[in-house]
Amino acid sequence: TQVLILNGPNLGRLGVREPEIYGHASMADLEREGARWGDDLGLSVGVCQTDDESTLVGWLHEAVDARAHVVLNPAAFTHYSYALRDAAAQVTSAGLLLVEVHLSNPASRESFRHYSVVAGIATGTVAGFGFDSYRLALSAIATKLSD
Ligand code: DQA
C-alpha cells in the first residue's frame, strides 16, 4: 500500500524555520522517519515537499492515478487555496484516504489559521503534535485500511 506524505510551502525550511513553533527536525529527518514508520506499519511511504502550488496540485493528481493514499500538510495553502482543496477532493472522491496534518495546532494560533479549506474534504485531521502528527496520520491510515 502506497502512501505519499506531501508538504507545502516553507516546510523545506523545517529545523531552521521558527523552531519554537515547528521544532528542530528537518524535512530530511521526515523523509528518513517516514520511511521507517511506513516499514513498521506495512506501508510504502514517500515524502515530498514543494513551495509551488501547481506542483502540489500535480502530485495530488498523480496520487489519484497511482491509487496512493495521502498525508497532506498543505502549510499556508491550508487557509486559502481552493485549487489545492479541489485537487485533494479528487483523492477522497476516488475512495482513497487523505489525512490533513499540521505540526502546530492552527486553532490555537492567529485567527487566519483557524479556517482550513481542506478539512471539509479530508478523511480526518491530525494537528498539534509536531513530527508525531505525521506518524499518527500514517498509523490512522494503516488502522482504517485494516478495518
Ligand atoms: C502548518 C500550519 C500553517 O498554518 C502554516 O502556514 C504552516 C505550517 C503546520 O504544520 O503547523 O506553514 O501547516
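# A guided tour of the predicted model

Begin by selecting Ala-75, which is buried, with 21 other C-beta atoms within 10 Å. The model on the screen is a predicted one. Ala-75 sits in the loop between β3 (69-73) and α4. Its backbone deserves attention: phi of Ala-75 is positive, about 50°, although the residue is not a glycine. Most residues other than glycine have a negative phi.

**The ligand and its surroundings**

Keep Ala-75 selected and add the ligand to the view. Which residues surround the ligand? Ala-75 is one of them, together with Asn-10, Asn-73, Ala-76, Thr-78, His-102, Leu-103, Ser-104, Pro-106 and Arg-113. If this shell is coloured by class, four nonpolar, five polar and one charged residues appear.

**A second positive phi**

Next, select Glu-18, which lies in the loop between β1 (2-7) and α1 (19-22). Glu-18 also has a positive phi, near 30°, and is a residue other than glycine. Is Glu-18 buried or exposed? Glu-18 has 11 other C-beta atoms within 10 Å and is therefore exposed, since the limit for that class is 12 or fewer.

**Strand β2: Gln-49**

Move on to strand β2 (residues 44-49) and select Gln-49, which belongs to this strand. Gln-49 counts as buried because it has 21 C-beta neighbours inside 10 Å. With neighbours within four places in sequence left aside, Gln-49 is in contact with Asn-7, Leu-11, Gly-12 and Met-27. Now display the C-alpha atoms of Gln-49 and Glu-31: the separation is 9.9 Å, and the two residues are 18 places apart along the chain.

**Strand β3: His-69**

Proceed to His-69, found in strand β3. This residue is buried as well, with 24 C-beta neighbours inside 10 Å. Its contacts, not counting residues up to four places away in sequence, are Val-3, Leu-96, Leu-97 and Ile-141. Then draw a line from the C-alpha of His-69 to that of Ser-26; it spans 23 Å, for a pair 43 residues apart in sequence.

**The largest nonpolar core**

Which members of the largest nonpolar core touch the most other members? Among its 35 residues, these are Val-70, Val-71, Ala-88 and Val-99. Select Val-99 and show what it touches beyond four places in sequence: Val-71, Ala-122, Thr-123, Gly-124, Val-126, Ala-137, Ala-140 and Ile-141. Ile-141 was met earlier as a contact of His-69.

**Two packed helices**

Ala-88 leads to the following stop, as it is one of the residues of α4 that meet α3. Select helix α3 (residues 53-66) and helix α4 (residues 82-93); their axes are 8 Å apart and form an angle of about 10°. The helices are therefore roughly parallel to each other, a description used for angles under 35 degrees. On the α3 side, the residues in contact are Glu-53, Leu-56, Val-57, Leu-60, His-61, Ala-63 and Val-64. On the α4 side, they are Ala-83, Leu-84, Ala-87, Ala-88, Gln-90 and Val-91. By class, this contact consists of ten nonpolar, two polar and one charged residues.

**The last stop: Phe-129**

Finally, select Phe-129 in the loop between β5 (124-127) and α5 (132-146). How exposed is Phe-129, and why? It counts as partly exposed because 16 C-beta neighbours lie inside 10 Å. To finish, show Gly-95 as well: from C-alpha to C-alpha, Phe-129 and Gly-95 are 27 Å apart in space, and they are 34 residues apart in sequence.

Note on methods: Residues are numbered from 1 along each chain as its sequence is written. This is a predicted model: local features need pLDDT of at least 70, side-chain atom pairs count only at pLDDT 80 or more; totals for chains, interfaces and linings use all residues. Axes are lines fitted to C-alpha atoms, for helices over the stretch in contact, and angles run from 0 to 180 degrees between N-to-C directions. Helices (H or I, at least four residues) and strands (E, at least two) are DSSP runs, numbered from the N terminus. Angles under 35 degrees count as roughly parallel, over 145 as roughly antiparallel, 65 to 115 as roughly perpendicular and the rest as oblique. Two residues are in contact if their C-beta atoms, placed from the backbone, lie within 7 Å. Ala, Val, Leu, Ile, Met, Phe, Trp, Tyr, Cys and Pro count as nonpolar, Asp, Glu, Lys and Arg as charged, and the others, Gly among them, as polar. A nonpolar core is a set of buried Ala, Val, Leu, Ile, Met, Phe, Trp, Tyr and Cys residues joined through C-beta atoms within 7 Å. A residue is buried if 20 or more other C-beta atoms lie within 10 Å of its own, exposed if 12 or fewer, and partly exposed in between; C-beta atoms are placed from the backbone. A residue is near a molecule or strand if its C-beta atom, placed from the backbone, lies within 6 Å of it.
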